[in-house]
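Here are my notes on this one, written as a walk through the model. Keep the structure open beside you and look up each place as we reach it.

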Amino acid sequence: MELFNSILGTLNDFMWGYILIAGLVGLGLYFSLRTKFVQFRYIAEMGRLLTDKTTISAKGKRGISSFQAFTISTASRVGTGNLAGVATAIAGGGPGAVFWMWLIALLGGATSFIESTLAQIYKVNDGKDGFRGGPAYYMEKGLNARWMGILFAIIITFCFGLVFNSVQSNTISLAMEGAYSLDRLTTGIILAVLTAVIIFGGIKRIASVTQILVPIMAILYIILALYILITNITMLPDMFAIIFESAFGLREVVSGGVGAAIMMGIKRGLFSNEAGMGSAPNAAATAGVTHPVKQGLIQTLGVFTDTLIICTATAFMIILSDQYTTGIDGIQLTQAALSFHVGEWADTFVAVAIFLFAFSSVIGNYYYGETNIEFIKYSPVALFIYRLAVIGMVVFGAVVNLDVVWGLADLFMGLMAVINLIAITLLAKIALAALKDYRAQKKEGKDPVFYSNSIKGLRGIECWDEKPGTESRNQ
């Protein structure tokens, strides 16, 4: 096991120390410039679009609502990364890691917009009453590279459905053990049973569960964070000074140094908000909207909700408590920080919160694997085996060593991001053209509507109707 961890560490250091830092930051800046910082200019529009009703295509396809697609992707984003991941980043990289988490979220908002808009453009009918899509689909239809799509589909299925879900159950079991001394295997079995009930119910059940759980758990957690910030308001200037000084190596804290801060901040930031990783587009594609850009904007809002609000809340509570200097890591650090601020009952609160956060992530993660298995080949047998594997990994993750599950998560998360970043760079011009079309219609006072021939030369489109009056000319 020590040798395995060593190999994982070497691979992750290379990928995250060189390839992904340049890729995520560089492309995030590039997409921000090309979209004229769409992630900031359209914030008000993002909020308004959440209430958009589901549309029905000319072929009778409905999909799910924008808000439901938002909650499915947010369910996957908002989880272990927000409580345990942030704690791990601060413990390993010092308070400066928080600054780099912010940066990757601000720049990553543009990257998320590009990938989710592409997912909407190239979505396909799911054979029932809705849609499915994601990177595998736009790699096949947009780049004519089915081999690339299959490679991505295999990696995301293994990464999210299996590895990431073991991370979630690992964190839940540790939190329950810390709060109630509950046996970790018992926790894993209970979580596996609950997971089975949901995932055998299909996407509609997933959507109905997440749209209830996600807002409730996020609001409660933010209320507690605001209370802690208000009661420690005089300490906030010093806290921000520590974050910025540590971010640039001006004040080395813990295992600190600027390199550790950057690597841990970007690594855990991506794990939490998933911008550029290629996961959220799978949820974005399921929505029934009148224009792909609408869902691109909504998914960008998800990045900000995750990192700038929920992750930041956790980070502030940890830094203000000073517990990160004690050598505690993971979810236990978050529990210790909250106990410092509000008393021992915080252990119970964190245990319940991490259960809701992480369980909703298990549900969202499962769906990403399902839709990509169906991309490769629809097979009820393969889906059944996958569901059993997900349940098995939930139990496995609950009892295995913390370092193993995080190391595997980092490796496969990095591989996913590399493949997806290549694809969206090659297809960015399509998303940018869609944004141009959206802006033009908004200027005319219209509710933007997208057609399969809205972008000249666009091919591989299945779910968008042709503009009325142009069908005959194209026959």
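1. Let's start with a helix pair, and keep in mind that this is a predicted model. V362, N365, Y366, G369, E370, I373 and E374 in α16 meet a set of partners in α17, namely A382, L383, Y386, R387, V390 and V394. Helix α16 covers residues 345-376 and helix α17 covers residues 380-399.

2. How do those two helices sit relative to each other? Two packed helices are described by the angle between their axes and the distance between the axes. For α16 and α17, the axes come within 11 Å and cross at roughly 150°. Angles over 145 degrees count as roughly antiparallel, so α16 and α17 are roughly antiparallel to each other. Their crossing is right-handed.

3. Helix α17 also meets α9. Here the axes come within 8 Å, with a crossing angle of roughly 155°. That angle is why α9 is roughly antiparallel to α17. The crossing is right-handed. On the α9 side, the contact is made by R184, L185, G188, I189, L191, A192, T195, A196 and I199. On the α17 side you'll find R387, V390, I391, V394, V395, G397, A398 and V399. Look back at the first pair too: R387, V390 and V394 are on the list of α17 residues that meet α16, and they are also on the list for α9.

4. Now zoom out. The protein has 18 helices and two strands. Of its 475 residues, 61% count as buried. If you take contacts between residues at least 6 apart in sequence, 82% of them join residues at least 24 apart.

5. Which residues touch the most other members of the largest nonpolar core? They are L118, Y138 and L297, in a core of 141 residues. Helix α18, residues 402-443, gives the most to this core, with 22 residues. Apart from it lies another core, this one of five residues, including V124, Y137, A153 and F375.

6. L297 is worth a click of its own. If you leave aside its neighbours within four places in sequence, L297 is in contact with V38, Y42, E45, M46, L49, F113 and Y438.

7. Y137 and Y138 sit next to each other in the numbering, but they appear in separate cores: Y138 belongs to the 141-residue one, and Y137 to the one of five residues. Both are in helix α7, residues 135-143, where P135, A136, Y137, Y138 and M139 are buried. Right after α7 comes N144, with a positive phi near 55°.

8. Why might a positive phi catch your eye? Because most residues other than glycine have a negative phi. K36 is another case to look at: its phi is positive, about 55°, although K36 is not a glycine. You'll find K36 in the loop between α1 (2-34) and α2 (38-41). Is K36 buried or exposed? Its relative accessibility is 54%, so K36 counts as exposed.

9. S181 has a positive phi of about 55° as well, and S181 is not a glycine either. S181 is placed in the loop between α8 (146-180) and α9 (184-199). With a relative accessible area of 65%, S181 is exposed.

10. Next, two pairs that are far apart in sequence. T290 and F450 are separated by 160 residues in sequence, yet their C-alpha atoms are 6.2 Å apart in space. T290 lies in the loop between α13 (280-284) and α14 (292-321), and T290 is buried, with a relative accessible area of 17%. For E462 and Y122, the separation is 340 residues in sequence and 7.1 Å in space, C-alpha to C-alpha. E462 is in the segment after α18 and counts as partly exposed, at 28% relative accessibility.

11. Last, the record. An unreviewed UniProt entry places the feature "transmembrane region" at several stretches, among them 301-320 and 380-400. In the model, residues 301-320 are 100% helix and 0% strand, with the end C-alpha atoms 27 Å apart. Residues 380-400 are 95% helix and 0% strand, and there the end C-alpha atoms are 30 Å apart.

Definitions and conventions: Residues are numbered from 1 along each chain as its sequence is written. This is a predicted model: local features need pLDDT of at least 70, side-chain atom pairs count only at pLDDT 80 or more; totals for chains, interfaces and linings use all residues. Side-chain values use heavy atoms; hydrogens and water are left out. A nonpolar core is a set of buried Ala, Val, Leu, Ile, Met, Phe, Trp, Tyr and Cys residues joined through side-chain atoms within 4.5 Å. Buried means under 20% relative accessible area, exposed over 50%, partly exposed in between (1.4 Å probe, protein chains only). Helices (H or I, at least four residues) and strands (E, at least two) are DSSP runs, numbered from the N terminus. Contact means heavy atoms within 4.5 Å. UniProt positions are given in the numbering used here, feature names are shortened, and annotations may be inferred rather than shown by experiment. Axes are lines fitted to C-alpha atoms, for helices over the stretch in contact, and angles run from 0 to 180 degrees between N-to-C directions. Angles under 35 degrees count as roughly parallel, over 145 as roughly antiparallel, 65 to 115 as roughly perpendicular and the rest as oblique. A crossing is left-handed if the near helix is turned anticlockwise from the far one by less than a right angle, and right-handed if clockwise.
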